[in-house]
Structures are given as structure tokens and as C-alpha cells.
Amino acid sequence: MLVSLGLLLLCQLLGEALVHALGVPLPGPVIGMALLLALLLMRDTLAPVLPHEVGDGTLEKTSTGLLANLSLMFIPAGVGVVQRLDLVVSHGPAILVALIVSTAVALLAGVAVFRLLARLVGEET
Amino acid sequence: MSQSDFALWVYLSRTPLLWLTLTIFVYVLADRISAKLHRNPLANPVLHSVWVIGLILSFTHTPYRTYFEGAQFVHFMLGPATVALAVPLYAHRRTVMRVLLPMAGALVAGAIAAMVSAVLIAKALGVPHDVLISLAPKSVTVGVAMGIAERTGGDPSLAAVLVLMTGAIGAIIVTPLMNAVRVRDMRARGFALGVAAHGIGTARAFQVDVMAGTFSGIGMGLNGLLTPILVPVFLPLLLS
């Protein structure tokens, strides 16, 4: 588990370094994700030089465990937001209505187009 | 409280340990209740943990800065968790490759629909211009949205509030909404959720279905690339 966590941090670190060195307008962790994906795609070729945690399912277990608790990680920022709700409340219910309706519209537009194009490429389930 | 109890409280309330422990236990409790209620959308663990902790902080007169000194360790894990999205993405890479076109279409449709409908509805309801600017990037992840708001002349703190509210709303309405329109394809549901409601939506998706979570993570990531391009183009049109 420790090696897997270290590997995730290393990918993020390299991602942050690349973002700053090259001035890419992307968050460091997103580049880190791309790096880890590249590593996974090449892991059979790289197997002799990689720590065994990358190939024996440990990395998968650590990552799945982290993602299963993704909700926890939004709590600190969420608590900060609760204390700034005055920014929104002062504008009355209009903003809440706009947020609820627009989120529903975005979800419906997204699934409708996804399903339509999935049918087109013969990927219907 | 006696003098010594008070001294102990003053000591503990200033250490990061207390607030980190509290954050984890409140979340575990909220998550257990959510699981007991079969992941009922209204029992969203983020939403309930946030108001419970908010109440505790206000009852104990604890400033957010003190709370965050402890909670930052949990907040920090967002980075490695984002990197970890590569693992389900790799596991489902064949499924993902087969639906590249549907994903591209749903990304553009979802991102534009979110931004245009939010700004137009708020404008029609009389929300002032400076707030509309901060509303436009509400579907992308907090850090990206704050950056967009800053560049377009909005208020980054307000943008952050709107982003997190959008995430909670998306996580709550997605299941009943998708069931109502009878979409059972977890790829479509997850992807649309990630585009519309970023990480909080993705967190919800991972609690329901790994396939939905994987697609939600992709949707969130891609919208983080698209919305920063769309907002400066659409905003002048929407505000005029």
C-alpha cells in the first residue's frame, strides 16, 4: 500500500513539475493521471524494473480504496463553502433555481447526446 | 466547564488532530447512514457531513482556518485520488475506446447546456451581472472554476460556492432524474454526471457503480479542459 501511495504521489509530483516547467494550463494531478495511465499501459514491458505492487493488484486496491472515499475529500472545501453561503443567500432563491434547473438540463443533454451517438456507432446497451 | 476542562479544550481545539478526527468520524457516520438507506440520494454523505461540521464549528466558535489546519490532510488526498482515476480508466479502457464519439458529443452538449441554461435562467430571474460571471464555470472542478472566474472578472470565492452547490445538486438529482427518463446505461449516466457535477458527482457515481464512476471521472476531466475555453467565448453573448 505504501509503495502504491508513493507512486500516486510521484505521478502527481511529476505532473505538477511539468505544469510549472512548461506552463501547461492543466491541473498537475490531471497530468499525473495521464502519466499513471501511460505507466499502466506499458507495465508488461516495464515489469522487470517496476516494483511488484504495480503488477500484483496492490496499486488497484489502493486506488479503488481512495476513490471509494472520494466524498470524504470534498468535506473540508464544503465546510468552507457553508461559511460563505451568505454570498449566495443575499441573491435569494433565484440562484438556487438556476443551479437546480441548469444541472438537470446539463444531465439530460449529456445522456441524450451520449445515447444518440452510442446508437449511431452501434454501442447501445 | 471547570478551569482545567476549559484548558484541555483550548489545547485540543487548536491542534489539527481534533478537526481531522472529527472530519473522518462525521464522514464515516454519514457514509454508514447513506449505505443503510441504500445510497438514497438525499442521504448524500458530503452534504450531511458538511452541515454537521459547520454547526459544530459555529457552536464552538472555531474559525475555519483552525478547522482547515486539521482537515487539510483529507483535502490534500484529492490530488492523489485524481491520479488514481487512471486505474479504473485503464481497467475499462476497451469500453472507453468504443464510445469516444458519444463521449465527445455528450461533453460538448453537457458543458454548453450547463453554462448557457444557468446564466440565462439567473439573468431572467434578475441576478446581477457580476454574479452571472461567477456562475458560468459552475460545472467544473473548484480549482479550475476559480481560475476561470478570476480571468473573466468574476469572484473566485463565489464561484467556489456555486461549484460545490452544483456538485451537491447533481449528486442528489442524478439517480431520480435518470430513472425517470429510463436511462440505464451507466456509461452515459456517469459521463453526463461528471460533465455537469465534477468531483462531487464523481464521488457519488463511485458509490453507486464503478463503471459510472469511471465515466464520471473522464467527464469531469474533459470538462475541466473544455469549459475554460467555452466561458470567454459564450459569456459576452450571454451577458449582452
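A:Asp86 is partly exposed in this predicted model, with a relative accessible area of 44%. Its salt-bridge partner is A:Arg84, with N and O 3.8 Å apart. A:Arg84 also counts as partly exposed, here at 37% relative accessibility. Both residues fall between the cut-offs of 20% and 50%, so neither qualifies as buried or exposed.

A second set of charged residues sits at the chain boundary. B:Asp185 lies in the loop between helix 11 (156–180) and helix 12 (186–208) of chain B, while A:Arg115 belongs to helix 8 of chain A, so this pair joins two chains. The closest N and O atoms of B:Asp185 and A:Arg115 are 2.7 Å apart, which puts the two in a salt bridge. B:Asp185 is buried, at a relative accessible area of just 4%, and A:Arg115 is buried as well, at 14%. B:Asp185 has another partner in B:Arg187, and their side chains meet in a salt bridge with an N to O distance of 2.9 Å. B:Arg187 counts as buried too, with 5% relative accessibility. Shared partners thus tie A:Arg115, B:Asp185 and B:Arg187 into one network of salt bridges. Over all chains, the count comes to five salt bridges.

Now for the interface around that network. The size of an interface is often given as the accessible area lost when the parts come together. For chain A and chain B that area is about 6800 Å², and carbon and sulfur atoms give 84% of it. On the chain A side, A:Phe74, A:Leu107 and A:Phe114 lose the most area to chain B, yet together they make up 11% of what that side buries. The contact draws in 69 residues from chain A and 85 residues from chain B. Between the two chains there is one salt bridge, along with five residue pairs in polar contact. Several helices of chain A each bring at least two residues to the side touching chain B, among them helix 1 (2–22), helix 2 (28–41), helix 4 (58–68) and helix 6 (75–82). Helix 8 of chain A gives the largest share, 23 residues. Sorted by class, the chain A side has 50 nonpolar, 13 polar and six charged residues.

A:Ser71 offers a close-up of the boundary. This serine is in helix 5 (residues 70–73) of chain A and is buried, with a relative accessible area of 2%. Leaving out residues up to four places away in sequence, A:Ser71 touches B:Tyr27, B:Pro45, B:Val46, B:Ala203 and B:Gln207.

Chain B has an internal interface of its own. The domain assignment splits chain B into domain 1 (3–76) and domain 2 (83–239), and nine residues of domain 1 meet seven residues of domain 2. The centres of the two domains, taken over C-alpha atoms, are 27 Å apart. Together the domains bury about 700 Å², 63% of it on carbon and sulfur atoms. B:Arg39, B:Pro41 and B:Asn44 lose the most area on the domain 1 side, together 62% of what that side buries. Zero salt bridges turn up across this domain interface, but two residue pairs are in polar contact. Helix 2 (16–36) and helix 3 (45–59) of chain B each supply at least two residues of the domain 1 side. By class, that side has five nonpolar, two polar and two charged residues.

Key:
Residues numbered from 1 in each chain as written. Chains lettered and ligands numbered in written order. Predicted model: local features only at pLDDT ≥ 70, side-chain atom pairs only at ≥ 80, totals over all residues. Heavy atoms only, no water. Domains from an automatic or database assignment. Contact = heavy atoms within 4.5 Å. Buried area = accessible area lost by both parts, 1.4 Å probe. Salt bridge = Lys/Arg side-chain N within 4 Å of Asp/Glu carboxyl O. Polar contact = N/O pair within 3.5 Å; in protein donor to acceptor, adjacent residues only side chain to side chain. Helix = DSSP H or I, 4+ residues; strand = E, 2+ residues; numbered from the N terminus. Nonpolar A, V, L, I, M, F, W, Y, C, P; charged D, E, K, R; others polar. Buried < 20%, exposed > 50% of the residue type's maximum accessible area, 1.4 Å probe, protein only.
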